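Welcome, and please open your viewer. We will take this one selection at a time, and you can rotate as you read.

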Amino acid sequence: MELFTNQVLAGIATGAIYACMALAVVMIYQAIDHLNFAQGEMAMFSTFISWQLMQWGVPYWGAFLITLVLSFIGGIAIERILFKPLAKAPVLTNVAGFIALFSIINSSAGLIWDFTIKQYPTPFGSSPFLGSQLVSTHQAGMIGVTVLLLLGLYFFFQYTRIGLAMRAAASVPESARLVGINTSWMIALGWGMASAIGSIAGMLIAPVVFLEPNMMGGVLIYGFAAAVLGGLTSPFGAVVGGFLVGIFENLAGTYIPGVGNELKLPIALALIISVLVVKPAGLFGRHIVKRV
Amino acid sequence: MTLLLNVKDLRAYYGQVQALHGLSFSLNEGSLTTLLGANGAGKTTTLRAICNMVRSTGGIEFDGKPLNNRSTESIVRFGIAHVPQGRGTFTTMTVEENLQLGAITRKDNAGIVSDIERMYAHFPVLKQRHTQQAGTLSGGEQQMLAVARALMLRPRLMLLDEPSFGLAPLVVRDLFGILGKINREDKVSILVVEQNAQLALELADQAYVIETGRIVMSGNAKDIANNEEIRKSYLGY
């Protein structure tokens with residue numbers, strides 16, 4: 001029983017990271033109807049920036065905040081430079097754009113910081129949390145930061161005018177323009193926020209997976225699985241999906257013989273395919289009906 | 001009578017296809033003007049051209065200021081509220097959020113709160129449903145919501161695209177009654193595009209008839225309604 005509780009709690013901790021990645025993916029999907037394959041690489045690059053800042057002597061939380069701001073600006077810049085001109089382009093052009101972005105960021109990180117694996121600090125320590133052997137302080141910190149982030153985002157989208165405007169721009173762009181919302185900047189803002197959310201995920205998971213240019217590959221696939229499970233049209237679903245995938249991943253690795261650590265990733269992919277076959281809209285997503 | 005909207009030689013294009021062929025009309029401050037015409041005559045395109053939602057050439061002046069080459073969202077800030085065909089409801093949001101969105105360009109929070117109450121007085125059904133998702137409203141209720149959302153801008157000019165579309169005759173009567181009241185009491189100028197010519201002419205003071213992208217008839221709404229020849233050849237009733 002203790003093993004089970006332990007695995008579930010550990011699953012919630014990594015699930016928090018998947019939830020962040022899924023949320024970032026869903027935010028951009030809502031804004032431009034495309035999956036951002038480079039979301040993980042953007043998060044990885046942000047994490048390297050925070051590491052570099054700490055190498056230069058900036059304390060952890062200072063580096064954390066500066067990285068958040070830089071990631072936000074970087075996300076907006078990527079949208080303005082690369083994806084705004086592609087707004088009316090076909091799907092495949094956008095996919096090519098995302099793949100290009102993926103390899104540009106990945107290679108740049110390798111060029112600047114090389115591909116060796118680096119230790120990444122945690123501000124929470126890794127001792128047992130509240131004297132319990134079930135969960136470490138870093139895992140508790142991951143969950144805590146994510147919960148704060150989610151509450152903040154909920155408040156932002158539900159109770160601020162700009163949050164309302166962003167939701168309106170994502171749901172019915174033409175009507176949003178007709179009430180005076182600059183939908184183009186709302187999309188850019190969505191990119192900035194998604195990039196900042198991704199950077200938080202990167203900085204929180206880096207002490208676990210270690211810092212290197214390919215660190216987010218697996219995490220992003222779990223993030224996609226979470227987003228698909230929860231429904232790509234539902235930010236709430238993405239978050240729930242994140243936690244579910246985290247728990248599922250850990251339990252499968254522990255209890256299904258032969259899965260272990262090696263087969264965990266195929267399990268995420270199998271999950272994506274099963275959801276798409278059985279319930280394409282996901283657990284909380286809307287069915288999109290298009291008039292032809 | 002001051003001129004509020006002045007449209008001169010308006011030509012609009014969808015890709016290579018020209019939809020408006022040099023259309024000119026004007027609208028006085030405080031008036032309720034209707035644009036009539038058959039399907040495909042260019043009524044919707046005219047409204048879309050005013051808000052720069054379709055490529056067009058020609059002069060569009062609002063209160064003496066040119067609107068050409070401005071983005072749709074900046075034209076709204078002149079005080080022009082456009083209720084598009086199909087109502088443009090934010091279906092996944094609540095009724096109250098839809099109203100708040102109508103006032104998203106305004107900064108006076110107290111005024112917005114009191115205007116939402118004013119809209120609930122105009123349209124009591126919206127108050128009953130204020131926490132409900134707008135997509136669950138009936139067609140008539142959604143049209144009320146669309147008009148209320150437009151009024152939340154405190155517009156000087158309201159553009160309405162076929163407000164009667166898909167509504168039961170009784171609901172249409174109700175809605176047109178409210179539009180007349182808004183025009184008289186709140187001093188909002190209204191330009192309404194309609195296929196239901198009979199009803200629109202009862203409501204409006206000024207009328208234009210469009211045929212294939214050109215104005216073919218204009219004048220006092222009563223005169224047009226009383227002219228049997230025009231009625232038979234252009235309005236079909």
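## First stop: a loop arginine

Leaving aside the neighbours within four places in sequence, B:Arg70 is in contact with B:Asn52 and B:Ile75. Keep in mind as you look around that this is a predicted model. Select B:Arg70 and you will find it in the loop between S5 and H2 of chain B. Now add B:Asn52 to the selection: B:Arg70 and B:Asn52 are 18 residues apart in sequence, and their C-alpha atoms are 7.0 Å apart in space. Is B:Arg70 buried or exposed? B:Arg70 is partly exposed, with 17 other C-beta atoms within 10 Å.

## Zoom out to chain B

Show chain B as a cartoon. Its secondary structure comes to ten helices and ten strands. The radius of gyration is 17 Å, close to the 18 Å that the globule rule gives for 237 residues, so chain B is as compact as a globular protein of that length. Along the principal axes, the C-alpha atoms of chain B fill a box of roughly 45 × 40 × 35 Å. If you colour by burial, 46% of the 237 residues in chain B come out as buried. Contacts in chain B reach far along the sequence, too: among those between residues at least 6 apart, 67% join residues at least 24 apart.

## The four-stranded sheet

Next, select S1, S2, S4 and S5 of chain B. They make an open sheet of four strands in the order S2-S1-S4-S5, with antiparallel pairing. Strand S2 (17-28) and strand S5 (65-66) of chain B are at the edges with a single partner strand each, so one side of each has no neighbour in the sheet.

Move to the middle of this sheet. Strand S1 (residues 3-14) and strand S4 (residues 55-62) of chain B run antiparallel and are joined by seven bridges. To pick out one of these, label B:Ala12, whose bridge partner in S4(B) is B:Ser56.

Now bring in helix H1 (residues 43-50) of chain B. This helix lies across S1, S2 and S4 of chain B, and runs at about 70 degrees to S2(B).

## The six-stranded sheet

Stay with H1(B), which leads to the next sheet: H1(B) also lies across strand S3 (32-36), S6, S7, S8 and S9 of chain B, at about 145 degrees to S7(B). Select the open sheet of six strands, whose order is S6-S7-S8-S3-S9-S10 (chain B) and whose pairing is mixed. S6 and S10 of chain B stand at the edges with a single partner strand each, so one side of each lacks a neighbour in the sheet. Look along this sheet to see the turn from strand to strand, which averages 15 degrees between neighbours, direction ignored.

Start at the S6 edge. S6(B) and strand S7 (residues 157-161) of chain B pair in the parallel sense over four bridges; for B:Val83, the bridge partner in S7(B) is B:Leu160.

Then cross to the S10 edge. Strand S9 (residues 206-211) and strand S10 (residues 214-220) of chain B pair in the antiparallel sense over six bridges, with B:Arg214 in S10(B) as the bridge partner of B:Glu211. S9(B) and S10(B) form a hairpin with two residues between them, and B:Thr212 in the turn has a positive phi of about 35 degrees. Helix H10 (residues 228-235) of chain B lies across S3, S9 and S10 of chain B, running at about 145 degrees to S10(B).

## Two more positive phi values

Select B:Arg87, in the loop between strand S6 (80-83) and H3 of chain B. B:Arg87 has a positive phi of about 80 degrees although it is not a glycine, and is buried, with 23 other C-beta atoms within 10 Å.

Now jump to B:Lys187, in the loop between helix H7 (169-185) and strand S8 (189-194) of chain B. Phi of B:Lys187 is also positive, near 55 degrees. How many other C-beta atoms lie within 10 Å of B:Lys187? There are 10, and B:Lys187 is exposed.

## Across to chain A

Finally, show both chains. Here 17 residues of chain B are in contact with 15 residues of chain A. On the chain B side, helix H2 (72-76) and helix H3 (95-102) each supply at least two residues, and the largest share, four residues, comes from H3(B). The residues on this side of chain B divide into seven nonpolar, seven polar and three charged.

End on helix H5 (residues 137-159) of chain A. Its buried residues include A:Met142, A:Ile143 and A:Val145, and what covers the buried residues of H5(A) includes helix H1 (2-32) and helix H8 (183-209) of chain A.

Key
Residues are numbered from 1 along each chain as its sequence is written. Chains are lettered from A and ligands numbered from 1 in the order in which they are written. This is a predicted model: local features need pLDDT of at least 70, side-chain atom pairs count only at pLDDT 80 or more; totals for chains, interfaces and linings use all residues. Two residues are in contact if their C-beta atoms, placed from the backbone, lie within 7 Å. Ala, Val, Leu, Ile, Met, Phe, Trp, Tyr, Cys and Pro count as nonpolar, Asp, Glu, Lys and Arg as charged, and the others, Gly among them, as polar. The radius of gyration is taken over C-alpha atoms; the globule rule is 2.2 Å times the number of residues to the power 0.38. A residue is buried if 20 or more other C-beta atoms lie within 10 Å of its own, exposed if 12 or fewer, and partly exposed in between; C-beta atoms are placed from the backbone. Two strands pair if DSSP finds at least two bridges between them. Axes are lines fitted to C-alpha atoms, for helices over the stretch in contact, and angles run from 0 to 180 degrees between N-to-C directions.
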